[in-house]
Amino acid sequence: MKLHFLGTTGYHPNRRRDTSCLMIPELGIVLDAGTGIFRARELIATPELHIFLSHIHLDHCVGLTYLLDVLRDKPVKATYVYCAPEQELILKEGLFHPKIFPVLPPVKFKTLRHGNLAIPGGGKMRTFPLPHPGGCTGFRLEWPGHSMAYVTDTTASANAPYLKHLKDVDLLVHECYFPDGFEDRAQLTGHSCLTAVAQLAAAAQVKRLYLTHINPMDEGKKPLELKSVAKIYPHITVPEDDDTVDF
């Protein structure tokens, strides 16, 4: 099973990265719809797309407006967008208000509630709340022999309340907007610093950790100093847009 990183920064794109979007093409699963979703067009391999939104801050949902081109001339029979009921209303009356975006893409909204649901490939998804201004949802996805979790826009700690949902996953994709030293800012904005994410991964005993939602103001090749947390948790990668990983 292959996970594609289509967008790996937060807040706004920069020259290296687009905003949050992950995809498992063989199953038609997309996690968040930031600006990176434009890359999904060349990866579409299923007659249905299932787009799960962690929340509706614009860096995670603005890519829904790109779907007219992403889906154009593609053999996709149905595209489902999963979000909380109040978020669906905001998207329809806000992002897709005729004065902002006059043509609604061919999507069907489905209600996303915390708990378990079936997903393509004979798997199951567990969703859980994350502390973040305006609210956010975390995801754990499991299939026979495969598991991953996606956690964005929240403040990590070694005893975070959502740690129990991450236990022993093969692959954890977790936001890390700030390097160490910005803990106050991370707490204020609902984001995470490097050491805290490493401590969380160690406590959850995950097999691999991939850091996303990187601060777009840092356009360097190595935006986070991973050597500083190697003794806490060593199996960390900061992916680039268009990177893939098998899990």
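This report walks through the two sheets, a helix, the cysteines and the salt bridges of this structure. Keep in mind that you're looking at a predicted model.

**The sheet that holds both β1 and β14**

Start with the open sheet of seven strands that runs in the order β6-β5-β4-β3-β2-β1-β14, with mixed pairing. At its edges stand β6 (108–111) and β14 (244–246); each has a single partner strand, so one side of each is left without a neighbour in the sheet. Going from one strand to the next, the twist averages 25 degrees.

For a look inside this sheet, try β4 and β5. Strand β4 covers residues 48–52 and strand β5 covers residues 78–83, and the two pair in the parallel sense over five bridges. If you want one spot to zoom in on, pick L49, whose bridge partner in β5 is T79.

**The sheet from β7 to β13**

There's another open sheet of seven strands, and its order is β7-β8-β9-β10-β11-β12-β13, again with mixed pairing. Here the edges belong to β7 (115–119) and β13 (236–237), and because each has a single partner strand, one side of each is left without a neighbour in the sheet.

Within this sheet, strand β10 (residues 146–151) pairs with strand β11 (residues 171–175) in the parallel sense, over four bridges. A handy landmark is A149, which stands opposite L172 in β11. Now look for helix α5, made of residues 194–204: this helix lies across β11, β12 (209–212) and β13, and runs at about 150 degrees to β12.

**Cysteines without disulfides**

How many disulfides does the structure hold? Zero. Take C21, which is in no disulfide: the nearest cysteine sulfur belongs to C61 and is 12 Å away. For C61, the closest cysteine sulfur is in C83, at 9.2 Å, which is too far for a bond. As for their surroundings, C21 is buried, with a relative accessible area of 1%, and C61 also counts as buried, at 1% relative accessibility.

**Salt bridges between distant parts of the chain**

A search of the whole structure turns up 13 salt bridges. Here are some that link distant parts of the chain.

| Pair | Closest N to O | Apart in sequence |
|---|---|---|
| K2 and D246 | 3.0 Å | 244 residues |
| R16 and E240 | 3.0 Å | 224 residues |
| R17 and E240 | 3.7 Å | 223 residues |

Let's begin with K2 and D246. K2 is in strand β1 (residues 2–7), while D246 is in strand β14. K2 is partly exposed, with a relative accessible area of 30%, and D246 counts as partly exposed as well, at 47% relative accessibility.

E240 shows up in two rows of the table, since its side chain meets that of R16 and it also forms a salt bridge with R17. R16 sits in the loop between β1 and β2 (21–24), and E240 in the loop between β13 and β14. R17 is also in the loop between β1 and β2, so its pairing with E240 ties together parts that are 223 residues apart in sequence.

Which of these three residues are buried, and which are partly exposed? R16 counts as partly exposed, at 30% relative accessibility. E240, by contrast, counts as buried at 15%, and R17 is buried with a relative accessible area of 1%.

One last group to look up: D18, R39, D241 and D242 are linked in a network of salt bridges.

Key
Residues are numbered from 1 along each chain as its sequence is written. This is a predicted model: local features need pLDDT of at least 70, side-chain atom pairs count only at pLDDT 80 or more; totals for chains, interfaces and linings use all residues. Side-chain values use heavy atoms; hydrogens and water are left out. Two strands pair if DSSP finds at least two bridges between them. Axes are lines fitted to C-alpha atoms, for helices over the stretch in contact, and angles run from 0 to 180 degrees between N-to-C directions. A disulfide is a pair of cysteine sulfur atoms within 2.5 Å. Buried means under 20% relative accessible area, exposed over 50%, partly exposed in between (1.4 Å probe, protein chains only). Contact means heavy atoms within 4.5 Å. A salt bridge is a side-chain nitrogen of Lys or Arg within 4 Å of a carboxyl oxygen of Asp or Glu.
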